[in-house]
Each structure stands twice: as C-alpha cells, then as structure tokens.
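Student: I'd like a close look at one helix in this model and at what packs around it. Could you walk me through that part, and then show me a few other spots worth a glance?

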Amino acid sequence: MSERGPVVEAPSEPGRARARLECRGCTGGRGSTVVFRDLDLDVRAGTVVALLGPNGAGKSTLLLTLAGLLPARAGEVRVDGVALRPGNAVAASHAGVVLVPDDRSLFMTLTVEENLEVARRRGGPAARDLVDIFPALGQRWRISAGALSGGEQQMLALARALIQQPKVLLVDEMSMGLAPLIVETLFDTVRRIARDHGAAIVLVEQHVKLALGVADEAAVLNRGAIVLRGAADELRDDSTQLERAYLGEPEPA
Ligand SMILES: Nc1ncnc2c1ncn2[C@@H]1O[C@H](COP(=O)(O)OP(=O)(O)O)[C@@H](O)[C@H]1O
Ligand SMILES: [Mg+2]
C-alpha cells in the first residue's frame with residue numbers, strides 16, 4: 001500500500017460505497033402477466049445506464065422488480081455479486097438499492113428538511129449536508145414539498161435517494177413534465193452521483209437525447225426484451241438503430 005494509503009472518507013459525506021448491479025435471466029411481471037423475460041442487465045459502479053423504450057415496454061416493472069417491490073419469477077439480481085432475495089424490498093434496501101419512482105413519492109405536507117430527515121439512515125449524512133449538492137433546496141428548506149415546483153420536487157426526490165447512500169440508484173422518468181433546462185440540471189446531478197459517490201445508476205427515460213447525453217451506456221427495452229444496447233455516444237449518433245429498436249425490431253446479428 002502506498003504511503004498515503006486509502007483515502008479516508010469524512011463520515012458526513014453522502015454515500016461513498018461502490019457496487020455493481022447485475023440482473024441475470026430475469027423474468028418478471030404484474031399479477032399473472034409476464035412483462036419482461038430472460039433479461040440481462042449489467043451496471044458497473046460509477047456508471048449510468050439509460051434504460052429507454054416506448055410506453056408499456058416494461059421499464060417501470062423492471063425497476064420495481066430490481067428494488068424488490070415486485071417478485072421476479074426467474075433469474076437473479078445481484079448487488080456486488082450478492083444475490084438479493086426476490087420480492088424483498090427490505091433486503092434490496094439493505095443492499096443499497098434505492099428507487100426514485102416516477103410519481104416521486106414525496107410526503108407533500110412535510111417540509112424539504114422533514115422529507116430528508118425521514119429518509120436518513122443511522123450513521124449517514126445529515127440532511128443539511130445535501131444542500132452542497134442541491135443548493136436550490138437550501139433556499140426551500142422549510143417549505144412543504146407540495147409547494148415546490150416540479151423541478152424542485154424532483155431535486156428533493158433525488159436528494160432523498162442520495163441521503164440513503166445508494167449503491168444502486170434506480171430513477172424512473174425523472175424528466176416527466178419538466179422543462180428541458182431543468183432536466184439537464186437534474187441529469188448533471190445524476191452524473192455527479194455516479195462519479196462522486198460511485199453509485200451504479202439505471203436511468204429510465206423518455207427524453208432519449210438528454211438521457212444519452214448523461215449515460216455511459218444505454219439499453220432499449222421493447223415488449224419486455226432488450227432489443228438494442230451499446231455505448232450511449234454511439235447510439236446517439238445512430239438514430240436509425242434507435243428508431244428500429246423503438247419500433248421493436250431486433251438488433252441485426
Ligand atoms: N399496476 C399495474 N397493474 C397491472 N399491469 C400494469 C400495471 N402497471 C403497468 N402494467 C402493465 O405492465 C406493462 C409494462 O408497463 P410498465 O412497466 O409501466 O412500462 P413502461 O414503464 O415501460 O412504460 C404494460 O403492459 C402495462 O399495461
Ligand atoms: Mg414507466
């Protein structure tokens with residue numbers, strides 16, 4: 001080991017653990033309906049994978065399954081090589097999987113501070129530490145979540161995820177209903193969470209161009225199967241392939 005040794009982390013630093021997400025041969029659905037089948041997904045620590053695809057493709061169902069909120073019917077989800085108990089949200093949460101759902105699921109009558117405090121983990125960062133990363137929230141500290149703008153609410157949803165020190169962060173359609181400029185700010189923050197905190201991030205998104213701008217890799221889900229995957233910058237330059245994937249045609253061999 002070098003003289004300097006490993007970097008010692010300040011205990012107040014929000015979320016430092018690095019972990020990889022692997023989904024192997026996963027099949028899942030809603031009730032008796034199978035929504036995705038035999039799906040593989042790999043997200044390395046510190047990287048963002050954009051999960052794209054048309055409405056109804058199964059993106060949200062997949063995220064809920066990864067977070068243990070829906071049971072997988074087959075396959076395995078692993079965080080840093082350790083398999084999660086299927087359909088067990090508490091186990092997934094203990095393993096460091098955090099979901100930002102598409103409805104944001106904030107406590108609308110609680111303040112910004114209170115929303116962060118209720119999500120805070122023992123030994124984790126203090127709510128106030130999040131203001132460095134989300135300065136706009138500092139100015140809205142004692143305002144109820146319900147009184148925030150859509151962009152601020154999404155910021156709060158991200159901050160609430162980060163205070164839980166995620167190893168794996170699953171973000172569902174963050175850009176919904178927001179102006180592109182606000183989405184860009186939010187995506188910059190997502191990028192920083194990957195880079196500075198080492199989280200493995202799955203970003204489900206309808207805003208394809210912006211998502212490919214922030215992601216390292218991307219996968220297109222269509223009718224429950226991944227029909228295209230690759231480096232985000234390569235996919236951004238290949239709109240024909242992307243369009244084909246959205247129409248549900250498989251990747252040419
Ligand atoms: N709460 C639900 N109950 C039953 N089926 C659902 C529910 N939500 C979504 N579905 C169905 O699951 C499939 C995948 O939906 P979803 O995962 O929401 O897709 P996406 O997020 O890609 O738009 C669709 O056929 C949809 O109708
Ligand atoms: Mg969805």
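Tutor: Happy to. Let's begin with helix H5, where Gln-153, Gln-154, Met-155, Leu-156, Ala-157, Leu-158, Ala-159, Arg-160, Ala-161 and Leu-162 are buried. Please keep in mind throughout that this is a predicted model. Helix H5 covers residues 150-162, and with 10 of its 13 residues buried, H5 is mostly covered. Its length can be checked too: at 1.5 Å a residue, the 13 residues should span 18 Å, and because the end C-alpha atoms of H5 are 18 Å apart, the two agree.

What covers the buried residues of H5? The cover includes two strands, E6 and E7, along with helices H3 (112-119), H4 (135-138) and H6 (180-197).

Let's follow the strands in that list. Strand E6 takes in residues 97-100, with Val-97 and Leu-99 pointing one way and Val-98 and Val-100 pointing the other. That fits a general pattern: in a regular strand, side chains alternate between the two faces of the sheet. In E6, residues on both sides are buried. Strand E7, residues 168-172, pairs with E6 in the parallel sense over 4 bridges. Within E7, Val-171 is the residue that stands opposite Val-100.

Next, the ligand. Around ligand 1 you will find Arg-30, Gly-31, Val-35, Gly-53, Asn-55, Gly-56, Ala-57, Gly-58, Lys-59, Ser-60 and Thr-61. By type, this shell divides into 7 polar, 2 nonpolar and 2 charged residues. Helix H1, residues 59-66, supplies the largest share of the shell, 3 residues.

Finally, two loop residues deserve a look at their backbone angles. Asp-80 is not a glycine, yet its phi is positive, at about 50°. Asp-80 sits in the loop between strand E4 (72-79) and strand E5 (82-83), and it counts as partly exposed because it has 16 C-beta neighbours inside 10 Å. Arg-223, also a residue other than glycine, has a positive phi near 45°. You will find Arg-223 in the loop between strand E9 (217-222) and strand E10 (225-231). With 14 other C-beta atoms within 10 Å, Arg-223 is partly exposed.

Definitions and conventions:
Residues are numbered from 1 along each chain as its sequence is written. Chains are lettered from A and ligands numbered from 1 in the order in which they are written. This is a predicted model: local features need pLDDT of at least 70, side-chain atom pairs count only at pLDDT 80 or more; totals for chains, interfaces and linings use all residues. A residue is near a molecule or strand if its C-beta atom, placed from the backbone, lies within 6 Å of it. Ala, Val, Leu, Ile, Met, Phe, Trp, Tyr, Cys and Pro count as nonpolar, Asp, Glu, Lys and Arg as charged, and the others, Gly among them, as polar. A residue is buried if 20 or more other C-beta atoms lie within 10 Å of its own, exposed if 12 or fewer, and partly exposed in between; C-beta atoms are placed from the backbone. Two strands pair if DSSP finds at least two bridges between them. The expected span of a helix is 1.5 Å times one less than its number of residues. Two residues are in contact if their C-beta atoms, placed from the backbone, lie within 7 Å.
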